[in-house]
Amino acid sequence: MTLKAFKVRLYPNQKQIKQIKQTFGSTRFVWNQMLAMQSARHKNNSHARYQNEFAMNNLLKALKTDYPWLKDVDATALQATNGNLHDAFQRFFNKELSNGYPRFKSKKDYAQSYTSKAVNQNIKVIDDHHLKLPKLGQVYFRAGRILTGKVRRATVRINSQGQYYATILIEGEKQALKPKTKQSVGIDLGLDSLMILSNGQKVNMVHFDTDARKQIRVWERKMARRRRNALKEIAFDKHDKVLFPRTSLRQFPRYQQARRTVAKLKRQVSDRRNDKLQKLTTQLVQDFDVIVVEKLNTQGMLKNHHLARAISNAGWGNLVTMLQYKCDWYGKQLIFVDPKYTSRICSVCGQKNHQFDGLSQHEWLAVREWQCPTCGTHLDRDINASQNILQRGLAQITPIKALV
Ligand SMILES: [Zn+2]
């Protein structure tokens, strides 16, 4: 079984919008209550055990008797909130791709979402334009393509431009659409290029959205200025005790316009990047049966600013996620290896080059090519690293062969 997602634009009616907003509010309430509970437990007794998803779902029942209005929204969405919070805690505990300790959600966040889990046909794609969602009934949608299969869950989202979307996760059989090629590849994350393949191919996409970035910076400055001015106006209104004081940023259309423009530009950039990553990963899965990538410690890497920019721009995490599900989907193999010393070991003779031991981080990053002191091979830093990654990956699946 594999999972695949597709995204559709929703066009809810007024009644449905009201219900969606109420669900955003209720799931946010549950998230914040559960998070406060976990924090309070830990504060009062540092040995108190963390309450897992199951325990939180039990507490949810008590919460519903205290706050009966929680019963007005989709019950599976409240449970899914506990699931998401549990995932956030797990990521925090494992220090994996984590944003740190889970944070409270605010009503003021422009983007909001909730997830409904499928039980008893409560979520259903009825036809090309109608989706059945719990407590909402039939919602009109538009989509580029629709996937069929058993629905597992649906996430309803409003973005910062006020548009509604649903991401529908479906279950499908493994497909063997991509024929076996008997080829394998190691991939190294580079600085100048997004990635370097062990066959010497370099894929560059780090700088492709420089123009859009410039525009985003301009509008972000405008947005910040308009926000500052709006906050000043709000303070003046309060100080002067005017009859109808403005109290919210939502009452300042010029600020709102700048905010929407920034959101739109950012979405364009991320859509373009996403599109490129989709094509890239499909190509990789088509060309290779075994793909080896380095296990990245994103937290450690994000501390290095120069590198952080390159990574966030290139969306390395996204790329790995896409590779993972496409490999699952098409029955190919993705292997993670420890990247330690992959760029300092010679991929031909396997000896570590100790000439680099004393170099600072900065000096070391400047080394693009080197000659192996043991066997004399001239090596490209990144290609050599990706070849080492491939060798480590293959050693994992055929340990005996690697010894020969
Ligand atoms: Zn060598």
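This tour visits two helix pairs and one sheet in a predicted model.

**First stop: helix 1 and helix 3**

Begin by selecting residues 14-44, which form helix 1, together with residues 75-94, which form helix 3. The axes of these two helices lie 9 Å apart, and the angle at which the helices pack is about 45°. Helix 1 is therefore oblique to helix 3. Their crossing is right-handed.

Next, display the side chains at this contact. On the side of helix 1, select Thr23, Ser26, Thr27, Val30, Trp31, Met34, Leu35 and Gln38. They meet Ala77, Leu78, Thr81, Asn82, Asn84, Leu85, Ala88 and Phe89 of helix 3. Colouring this contact by residue class gives 9 nonpolar and 7 polar residues, with no charged ones.

**Second stop: helix 4 and helix 5**

Now select residues 210-239 for helix 4 and residues 253-287 for helix 5. The two axes approach to within 9 Å and cross at roughly 155°. Because angles over 145 degrees count as roughly antiparallel, helix 4 and helix 5 are described as roughly antiparallel to each other. The crossing of this pair is left-handed.

Which residues of helix 4 meet helix 5? Select Ala212, Arg213, Gln215, Ile216, Trp219, Glu220, Met223, Arg226 and Arg227 in helix 4. Their counterparts in helix 5 include Tyr255, Ala258, Val262, Leu265, Lys266, Val269 and Arg272. The residues of this contact comprise 9 nonpolar, 3 polar and 9 charged.

**Third stop: the open sheet**

Turn to the sheet of 5 strands, which is open and has mixed pairing. Moving across the sheet, the strand order is 10-9-8-11-12. Select residues 202-203 for strand 10 and residues 333-337 for strand 12: these are the edge strands, each pairing on one side only.

Add residues 290-294, which form strand 11. Strand 11 pairs with strand 12 in the parallel sense, over 5 bridges. To locate one bridge, select Val290 and its partner Gln333 in strand 12.

**Last stop: helices on the sheet**

Select residues 316-330 to show helix 8, which packs on the sheet. Helix 8 touches strand 8 (184-189), strand 9 (195-197), strand 11 and strand 12. The direction of helix 8 makes about 140° with that of strand 12.

Finally, select residues 381-397 for helix 10, which also packs on the sheet. Helix 10 touches strand 8, strand 9, strand 10, strand 11 and strand 12. The direction of helix 10 makes about 130° with that of strand 8.

Notes. Residues are numbered from 1 along each chain as its sequence is written. This is a predicted model: local features need pLDDT of at least 70, side-chain atom pairs count only at pLDDT 80 or more; totals for chains, interfaces and linings use all residues. Side-chain values use heavy atoms; hydrogens and water are left out. Axes are lines fitted to C-alpha atoms, for helices over the stretch in contact, and angles run from 0 to 180 degrees between N-to-C directions. Helices (H or I, at least four residues) and strands (E, at least two) are DSSP runs, numbered from the N terminus. Angles under 35 degrees count as roughly parallel, over 145 as roughly antiparallel, 65 to 115 as roughly perpendicular and the rest as oblique. A crossing is left-handed if the near helix is turned anticlockwise from the far one by less than a right angle, and right-handed if clockwise. Contact means heavy atoms within 4.5 Å. Ala, Val, Leu, Ile, Met, Phe, Trp, Tyr, Cys and Pro count as nonpolar, Asp, Glu, Lys and Arg as charged, and the others, Gly among them, as polar. Two strands pair if DSSP finds at least two bridges between them.
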